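The exercises below are to be worked through with the sequence and the coordinates open side by side. Each one sets a task and then gives a solution in steps.

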Amino acid sequence: MILAIDMGNTNIVLGGIDEHKTYFVERITTNQAKTDLEYAVNLKDILEIYNIHPGQIEGAILSSVVPPLNNTILHAVEKIIGKRPLLVGSGMKTGMNIIMDNPKAVGSDMIVDAVAAIKEYPKPIIIIDMGTATTMSVVDKSGNYIGGVILPGLKVSLNSLSGKTAQLPYISLEEPGNVIGKNTIDCMRSGIIYGNVAQIDGLIDRMEAELGQKTSVVATGGLAKLIAPMCRHKIVYDDALLLKGLLILYRKNA
């Protein structure tokens with residue numbers, strides 16, 4: 001088993017995974033004020049909850065979009081398992097061509113998702129990752145990473161709407177009953193939820209038109225479970241996609 005870690009702007013996802021199964025997946029809050037010891041305690045507690053001894057973990061790998069916290073997390077993991085994690089970044093073997101203006105600038109989470117999707121799904125592929133930001137990455141029929149889009153995530157959009165207007169409240173994200181809302185809260189939910197659904201469907205249409213063919217579409221991330229079933233396109237929800245990609249990269253580079 002390896003420890004796969006995905007550090008996002010809002011949450012850090014930790015998972016125990018090997019080629020046979022996913023042993024656990026947990027999330028802790030991303031907080032730049034915490035020390036490596038505090039994160040080490042978080043990790044130790046998670047392993048104890050699942051009755052996993054640190055000695056059972058052969059190694060670890062970190063994907064991060066929060067560079068200031070990288071060393072903190074690397075030290076925290078090393079305190080618990082006694083091994084320094086690999087860090088996803090430039091120079092790492094991916095087995096995938098990245099056809100971008102500046103390949104080194106592509107988010108590590110987008111690369112990891114694509115590596116996993118290539119192994120799991122027929123090409124070409126559109127990969128949707130819904131977190132603080134929503135990203136849509138495209139892999140062509142030859143298995144090349146050729147680009148994508150980045151747009152505000154649902155909660156970012158919702159917080160901006162509530163924070164920048166005097167009369168609109170902060171609300172929870174739940175599936176609205178109808179597109180046409182009958183009160184302020186339902187109208188906001190409908191706008192945010194169905195607006196994102198329409199946005200994703202529209203972008204898939206345009207991406208497939210540019211590619212000139214239909215694609216596999218896979219979605220991951222905390223909010224994808226809510227949005228993907230409401231889209232017109234067939235979208236496979238794969239919550240463990242990024243962990244699978246981290247396992248692949250660990251095997252290629254350890």
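**Exercise 1. Locate Gln213, and describe its exposure and its contacts.**

Solution. Gln213 is placed in the loop between helix 5 (184–211) and strand 9 (216–220), where helices (H or I, at least four residues) and strands (E, at least two) are DSSP runs numbered from the N terminus. The model is a predicted one, in which local features need pLDDT of at least 70 and side-chain atom pairs count only at pLDDT 80 or more, while totals for chains, interfaces and linings use all residues. Residues are numbered from 1 along each chain as its sequence is written, and side-chain values use heavy atoms, with hydrogens and water left out.

The next step is exposure: Gln213 has a relative accessible area of 31% and is therefore partly exposed, given that buried means under 20%, exposed over 50%, and partly exposed in between (1.4 Å probe, protein chains only). Contact means heavy atoms within 4.5 Å, and once neighbours within four places in sequence are left aside, Gln213 is in contact with Pro124, Lys141 and Glu208. As for distance, the C-alpha atoms of Gln213 and Arg232, which are 19 residues apart along the chain, are separated by 17 Å.

**Exercise 2. Examine the backbone at Pro124 and at Asn51.**

Solution. Pro124, one of the contacts of Gln213, lies in the loop between helix 3 and strand 6, and the peptide bond that leads to Pro124 from Lys123 is cis, with omega near 0 degrees. Asn51 belongs to the loop between helix 1 and strand 4 (59–64), and its phi is near 55 degrees, a positive value in a residue other than glycine. Asn51 counts as exposed, because its relative accessibility is 67%.

**Exercise 3. Determine whether Thr220 is buried or exposed, and list its contacts.**

Solution. Thr220 is part of strand 9, and its relative accessibility of 3% is the reason why it counts as buried. Beyond the neighbours within four places in sequence, the contacts of Thr220 are Asp113, Ile128, Asp129, Met130, Tyr237, Asp238, Asp239 and Leu241.

**Exercise 4. Describe the nonpolar cores.**

Solution. A nonpolar core is a set of buried Ala, Val, Leu, Ile, Met, Phe, Trp, Tyr and Cys residues joined through side-chain atoms within 4.5 Å. The largest such core has 29 residues, of which Ile61, Ile127 and Leu246 touch the most other members. At least two residues of this core come from each of strand 1 (2–7), helix 3 (108–120), strand 6 (125–130) and helix 7 (241–253), and helix 7 gives the most, with eight residues. A second, separate core holds 25 residues, including Ile12, Phe24, Ile46 and Leu62.

**Exercise 5. Characterise the packing of helix 1 (residues 36–49) against helix 2 (residues 70–81).**

Solution. With axes taken as lines fitted to C-alpha atoms, for helices over the stretch in contact, and angles running from 0 to 180 degrees between N-to-C directions, the two helices pack at about 50 degrees with their axes 8 Å apart. Helix 1 is therefore oblique to helix 2, since angles under 35 degrees count as roughly parallel, over 145 as roughly antiparallel, 65 to 115 as roughly perpendicular and the rest as oblique. Finally, the residues that meet include Leu43 and Leu47 in helix 1, and Ile73 and Val77 in helix 2.
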